[in-house]
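Got the model open in your viewer? Grab a coffee and follow along, one selection at a time.

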Amino acid sequence: MEVETTRSREDSRLIERYLAGDEYAVEELVMKYQKKIYVLAYRMTGNIEDSKDMTQKTFLQAFNNLKGFKGKSSFYTWLYQIALNTCLNHVNKKDRFTEEVDDSFAHTGGSALSAIIETEKEAHLKRSLNELPARQKAAVILRAYEGFSLKETAEVMKCSEGAVKAHYHNGVKKLKEILSPTFRDSK
């Protein structure tokens with residue numbers, strides 16, 4: 001909790017500096033959160049170029065609306081909310097998208113064969129995530145990949161904690177159904 005409070009205080013100071021005309025404060029906020037927003041966008045879109053675009057759109061929208069930020073939630077969750085909505089709007093505009101293979105999932109340890117198998121498992125999991133309805137996908141990504149608490153996830157998704165639990169539970173259940181034939185066959 002102390003980390004959250006410290007982060008919130010730092011963010012509040014940067015926002016105050018920006019609103020007072022300090023352009024460098026924006027750069028500090030971008031540097032602080034750019035990688036996290038990009039990772040969320042990549043997990044939501046599955047596409048490197050789309051992720052870059054969604055990250056840029058998120059920050060543009062956030063800074064264009066920063067004067068309207070009331071501080072009812074942390075800047076961190078407010079920014080994630082913007083990112084999630086930007087990604088959901090993008091994904092909903094497209095039919096299901098094509099998988100890009102990202103070699104960053106390859107593991108350096110072990111044999112080449114085990115690295116290929118791990119890369120394939122990661123790619124299959126990503127494709128399976130793309131089969132989930134948008135809200136379930138968002139709940140799984142925010143909770144399992146991003147490590148958000150139930151409360152933070154509810155704030156970002158603009159829904160109740162109970163709704164988050166339901167989306168997460170149903171998403172994990174559907175992932176198990178999608179993935180079970182693969183893992184059963186690989187034993």
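Here is a short tour of charged pairs, aromatic rings, a helix and the cysteines.

A word on the ground rules: this is a predicted model, where local features need pLDDT of at least 70, side-chain atom pairs count only at pLDDT 80 or more, and totals for chains, interfaces and linings use all residues. Residues are numbered from 1 along each chain as its sequence is written, and side-chain values use heavy atoms, with hydrogens and water left out.

**Stop 1: the salt bridges**

The structure has six salt bridges, each a side-chain nitrogen of Lys or Arg within 4 Å of a carboxyl oxygen of Asp or Glu. Start by selecting K32 and D11: their closest N and O atoms are 2.6 Å apart. K32 sits in helix α2 (residues 23-45) and D11 in helix α1 (residues 2-19), so this salt bridge ties together parts that are 21 residues apart in sequence. Helices here are DSSP runs of H or I with at least four residues, numbered from the N terminus.

Now colour by accessibility. Buried means under 20% relative accessible area, exposed means over 50%, and partly exposed is in between (1.4 Å probe, protein chains only). D11 is buried at 1%, while K32 is partly exposed at 28%. Add E10 to the selection: salt bridges that share partners join E10, D11 and K32 into one network.

Next, pick R17 and E28, another salt bridge, with the closest N and O atoms 2.9 Å apart. R17 belongs to helix α1 and E28 to helix α2, so the pair ties together parts that are 11 residues apart in sequence. R17 is partly exposed at 32%, and so is E28, at 36%.

Then jump to E146 and R43, a salt bridge whose closest N and O atoms are 2.8 Å apart. This pair links distant parts of the chain, 103 residues apart: E146 is in the loop between α6 (134-145) and α7 (150-157), and R43 is in helix α2. E146 counts as buried at 17%, whereas R43 is partly exposed at 25%.

**Stop 2: the rings**

How many aromatic pairs does a search of the whole structure find? The count is 11, taking rings of Phe, Tyr and Trp (its six-membered ring) with centres within 6.5 Å; planes under 30 degrees apart count as stacked, over 60 as edge-to-face and the rest as tilted. Select F59 and F63: the ring centres are 6.1 Å apart and the planes are at 15°, so the pair is stacked. Both residues are buried. They are four residues apart in helix α3 (residues 48-64), or about one helical turn.

For a bigger selection, try Y33, F69, F75, Y76, W78, Y80 and F148, which form one aromatic cluster. After that, show R143 and Y168: the charged end of R143 sits over the ring of Y168, 5.8 Å from its centre. For that label, NZ of Lys or CZ of Arg must be within 6 Å of the ring centre and within 35 degrees of the ring normal.

**Stop 3: helix α7 and the cysteines**

Select α7, which is mostly covered, with six of its eight residues buried. These are L150, E152, T153, A154, V156 and M157. Step past the helix to K158, whose phi is positive, near 55°.

Finish with C87 and C159. C87 is buried at 1%, and C159 is partly exposed at 21%. As for disulfides, pairs of cysteine sulfur atoms within 2.5 Å, the count is zero.

How values were computed
Helices (H or I, at least four residues) and strands (E, at least two) are DSSP runs, numbered from the N terminus.
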